[in-house]
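Please work through the exercises below with the sequence and the model side by side, trying each task before reading its solution.

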Amino acid sequence: MNGMARALLRAAAPAALSALVAAGCATTGINKGQFNIVSSAEEVEMGRQFTAEVEKEYKVYDNPAVTAYVQGVGNRIVKVCDRTDIEYRFGVIEKDEMNAFALPGGFIYVYTGLMRQMDDESQLAAVIAHEVGHVAARHSAERLSQMYGYQFIASLVLGKNPGMYAELFSNIFSTTGFLYFGRKNEYEADRLGAKYLNAAGYEVGGMVELMSKLKDLEGREPAKFEEWLSTHPPTGERLAQVQGYVATLAKPASPARNKDAYAKIKAQLPK
Ligand SMILES: [Zn+2]
């Protein structure tokens, strides 16, 4: 914890904590028993504030047709997910790298570099479903709680220290950042993601295919995986786990790939 965080912790009133703990515990029914005392409303407010940092640090891709398409695919996944108490927002970041991430509270971003590697909508839905899995399991709220404690988060939500959002965001793609969830949680997001992808009527094989492709690409162009691999286990290890899980799922009769619709979107993406 840095100096500013410690100062905030000292400043927070201990009496406020017990009241907020009693009122603030939201659960999605998964990941029960984990240390997580941040309410859904607090999580959404934090996420909203972090989106300002995303806009400062990254180029948000300004193409309404592409953004609407990604939001549409996201909505289809969200409908079948375990957490529906929040509104999910999907955005695209213009960057030639393989990455996607979910902020607290359901703000999800996919990179154009990753979208250009995809062959159909089921693969985009697979990436989105993994991120929705993180949100449904409340991994970032849990991680922030564990790293900084509730009082720090409460003061962050109240906007008492706006500079802290930039500070927390500055190292999100590192092992000390709040998007570093660890192996167990990444596998959980993969399992939830495959479950949602399948339940939404998509070809769940899209997740396996995309991971196989990324596994090969990782060896050839490691520079494009720096952010991704600083927060995720090697894709080869995830692939083996996902294949095992996918085999156990009861598949829909005619799962969607929507290859033509995706091709139209892909053609618009920057090179
Ligand atoms: Zn992940």
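The exercises that follow go from the whole chain to one helix, its core, and a sheet.

The model is a predicted one, in which local features need pLDDT of at least 70, side-chain atom pairs count only at pLDDT 80 or more, and totals for chains, interfaces and linings use all residues. Residues are numbered from 1 along each chain as its sequence is written.

**Exercise 1. Describe the protein as a whole.**

Begin with secondary structure: the protein has 14 helices and three strands, where helices (H or I, at least four residues) and strands (E, at least two) are DSSP runs numbered from the N terminus. Next take burial, for which a residue is buried if 20 or more other C-beta atoms lie within 10 Å of its own, exposed if 12 or fewer, and partly exposed in between, with C-beta atoms placed from the backbone. Buried residues make up 39% of the 271 residues. Finally consider contacts, meaning pairs whose C-beta atoms, placed from the backbone, lie within 7 Å; among those between residues at least 6 apart in sequence, 77% join residues at least 24 apart.

**Exercise 2. Check the length of helix α6 and describe its surroundings.**

The expected span of a helix is 1.5 Å times one less than its number of residues. For the 16 residues of α6 (residues 121-136) this gives 22 Å, and because the end C-alpha atoms are 21 Å apart, the two values agree. As to surroundings, 16 of the 16 residues of α6 are buried, so the helix is largely enclosed by the rest of the structure. Just after α6, arginine 138 adopts a positive phi of about 60°.

Serine 122, which lies in α6, counts as buried because it has 27 C-beta neighbours inside 10 Å. Leaving out residues up to four places away in sequence, serine 122 touches Tyr202, Glu203, Gly206, Ala256 and Arg257. Its C-alpha atom is separated by 7.8 Å from that of leucine 197, although the two residues are 75 residues apart along the chain.

**Exercise 3. Which residues have the most contacts inside the largest nonpolar core?**

A nonpolar core is a set of buried Ala, Val, Leu, Ile, Met, Phe, Trp, Tyr and Cys residues joined through C-beta atoms within 7 Å. The largest one has 70 residues, and those with the most contacts inside it are Ile77, Val110, Ala125, Ile128, Val132 and Leu197. Helix α6 gives the most to this core, with nine residues. Taking alanine 125 as an example and setting aside neighbours within four places in sequence, its contacts are Val73, Ile77, Leu197, Ala200, Tyr202 and Gly206.

**Exercise 4. Work out the strand order of the sheet and identify what packs on it.**

Two strands pair if DSSP finds at least two bridges between them. The three strands form an open sheet in the order β1-β3-β2, with mixed pairing. Since β1 (89-93) and β2 (100-103) each have a single partner strand, they stand at the edges, and one side of each is left without a neighbour in the sheet. Strands β2 and β3 (residues 107-111) pair in the antiparallel sense over four bridges, and leucine 103 has phenylalanine 107 of β3 as its bridge partner. Helix α4 (residues 64-78) packs on the sheet, touching β1 and β3, and its direction makes about 135° with that of β1; axes here are lines fitted to C-alpha atoms, for helices over the stretch in contact, and angles run from 0 to 180 degrees between N-to-C directions.

Conventions
Contact = placed C-beta atoms within 7 Å.
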